Each structure stands twice: as C-alpha cells, then as structure tokens.
Amino acid sequence: MTPMPDLAPATRRMAALLAGVSDSQLDEPTPCAGTSLGALIDHVNGLSLAFTWAASKNFPQGPSQPPSADASSLPPDWRTRVPAQLDALAAAWRAPDAWQGMTAAGGVDLPGEQAGHVAMNELVVHGWDISRASGQPYDIGEDEIDACLAFVAPAVEQSGGKGVPGLFDAAVDVPEDAPPLARLIAMTGRDPSWTAKRD
C-alpha cells in the first residue's frame, strides 16, 4: 500500500461534489443499493468525523459506532458543516502519528495505517457514487486510484470476491482491460456503468 497518501485531493473533490448537489436530488438513488443521495451524504458526514477521530486517536465518550446512512439525520447545515469536517479530516491524516499504532473507526479496532487507507477508499468510492447519482463529472488522479487498488485488491482476493462486511459488497465482473477506476468500483461491489435514470 502507498505509505501515508495525501487525503486532501479526495476531500476537496468530495466537497466540490457536495456543493453541486441540489436539494431536489437528495431523494435520488445512488449506486449503493437502497441508499438515497441524502442518506449517502449523511454517511459522508459521519465518516468525516469518525476518521478524523481515528487519526487523532481522540474519541468522544462512548463506544465507536459505524457512521449512519439516514437522510433524515442529515444536519440542516450540512452544506457548510461537511466540507469543514472534510478539511479537518485531511489535516488530521497529514500527521505521521495518525498512521502509527492502533486506532478505531466504525466500531472496529484496526491499525492506523489501515484506517487511513479505509478513509481514502471511502472518500474515493463514495465520491464516485455521489458524482453518478447527481450527474456530475468525476475527475480523479491515477495516484489516488492506485492507492485504493493497493488496499482493496488484496482484501477482495482474500474474500474470494464475496465482499468485506462493513466495507463493500461482492465484486462485480468487468473486462480484464477495464480502466483502473472501473476495476476499483467493480471490486467494491458496484456496477461501473451505473447511471441515474433521468427524465
């Protein structure tokens, strides 16, 4: 895996995508089965906090819980709150200590290095989800895709393509010559050709 990848490009892109989502789109479906765009944004809201705490190893009281995905829980000020939290997330993972020792995220204890790569993958893959659901372009660097593939591919191979509970569903088949982003999306249980049906 790429040591200490910079999460800032992924957090900035996520913030830009969120700015392009209209209120009328919050009920739209996403490539995450059974998850509306509003629910997915609520999930991003939660994970931006959870992985900032994981980096700093400074947790609120109570056990670590998986981020919710409930549109009704989306805070009214999400358009300003979530981008600010994403900035804080990127800053937290710039600290070398964030990648060392053990931490916790989503109710799971795991090494800091692994948590950082999970955060990166969540931002990249859910960014793609939001771009597809909201009809926005998705401009991502090859280095980010490579960093995610280096994390996801071994996990998918170990699971036999059956998915990893809490991370992603069973892999979707794509041609061997599929572009790297399509391979990543397929490995995480999504159809790379998914598009929102629009009138």
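Helices here are DSSP runs of at least four residues, numbered from the N terminus. With that naming in hand, the loop between α2 and α3 is easy to find, and Lys57 sits in it. The model is a predicted one, and this loop residue is a handy place to start looking around.

Lys57 catches the eye for its backbone: its phi is positive, about 60°, even though Lys57 is not a glycine. As a general rule, most residues other than glycine have a negative phi. As for its surroundings, Lys57 has a relative accessible area of 29%, so it counts as partly exposed. A positive phi of about 60° also turns up at Gly106, this time in the turn of a hairpin.

That hairpin is built from β1 and β2, with two residues between them. Strand β1 covers residues 102-105, strand β2 covers residues 108-111, and the two pair in the antiparallel sense over four bridges. Going through some of the partners, Ala105 is bridged to Val108 in β2, while Ala104 stands opposite Asp109 in β2.

Now for the inside of the protein. The largest nonpolar core holds 53 residues, and the ones touching the most other members are Ile41, Phe51, Leu86, Trp93 and Ile130. Two or more residues come from each of α1 (8-19), α2 (37-56), α3, α4 (112-134), α5 (142-159) and α6 (180-187). The largest share belongs to α4, which puts in ten residues. This fits a broad pattern: in soluble globular proteins, nonpolar side chains tend to be buried together.

Two of those well-connected core members deserve a closer look. Ile41 is part of helix α2. Its relative accessibility is 0%, and since anything under 20% counts as buried, Ile41 is buried. Leaving out residues up to four places away in sequence, Ile41 touches Leu18, Val21, Leu26, Leu74, Trp78 and Ile130. Thr11 is 30 residues from Ile41 along the chain, and the C-alpha atoms of the two are separated by 13 Å. Ile130 has its own list of partners under that sequence cut-off: Met14, Leu17, Leu18, Val21, Leu37, Leu40, Ile41 and Val44. Leu18 and Val21 thus show up among the contacts of Ile41 and also among those of Ile130.

How do the axes of α1 and α3 cross? They do so at roughly 175°, coming within 9 Å. An angle over 145 degrees counts as roughly antiparallel, so that is how α1 runs relative to α3. On the α1 side the meeting residues are Ala8, Thr11, Met14, Ala15, Leu18 and Ala19, and on the α3 side they are Trp78, Arg79, Val82, Pro83, Leu86, Leu89 and Ala90. Sorted by type, this contact has eleven nonpolar residues, one polar and one charged.

The α4 and α6 pair looks quite another way. Their axes lie 11 Å apart and the helices pack at an angle of about 100°, which makes α4 roughly perpendicular to α6. Here Asn121, Val124, Val125 and Trp128 in α4 meet Leu181, Leu184 and Ile185 in α6. This contact divides into six nonpolar residues, one polar and no charged.

Two more residues round out the tour. Arg81 belongs to helix α3, which spans residues 78-92. With 36% relative accessibility, Arg81 counts as partly exposed, because that category lies between under 20% and over 50%. Setting aside neighbours within four places in sequence, Arg81 is in contact with Asn45 and Pro75. Asn45 is 36 residues from Arg81 along the chain, yet their C-alpha atoms are separated by 8.1 Å.

Ala196, finally, is found in the segment after α6. Is Ala196 buried or exposed? At a relative accessible area of 13%, Ala196 is buried. Apart from neighbours within four places in sequence, Ala196 is in contact with Arg132 and Ala133. The C-alpha atoms of Ala196 and Pro31 are separated by 8.4 Å, although the two residues are 165 apart along the chain.

Methods
Residues are numbered from 1 along each chain as its sequence is written. This is a predicted model: local features need pLDDT of at least 70, side-chain atom pairs count only at pLDDT 80 or more; totals for chains, interfaces and linings use all residues. Side-chain values use heavy atoms; hydrogens and water are left out. Buried means under 20% relative accessible area, exposed over 50%, partly exposed in between (1.4 Å probe, protein chains only). Contact means heavy atoms within 4.5 Å. A nonpolar core is a set of buried Ala, Val, Leu, Ile, Met, Phe, Trp, Tyr and Cys residues joined through side-chain atoms within 4.5 Å. Two strands pair if DSSP finds at least two bridges between them. Axes are lines fitted to C-alpha atoms, for helices over the stretch in contact, and angles run from 0 to 180 degrees between N-to-C directions. Angles under 35 degrees count as roughly parallel, over 145 as roughly antiparallel, 65 to 115 as roughly perpendicular and the rest as oblique. Ala, Val, Leu, Ile, Met, Phe, Trp, Tyr, Cys and Pro count as nonpolar, Asp, Glu, Lys and Arg as charged, and the others, Gly among them, as polar.
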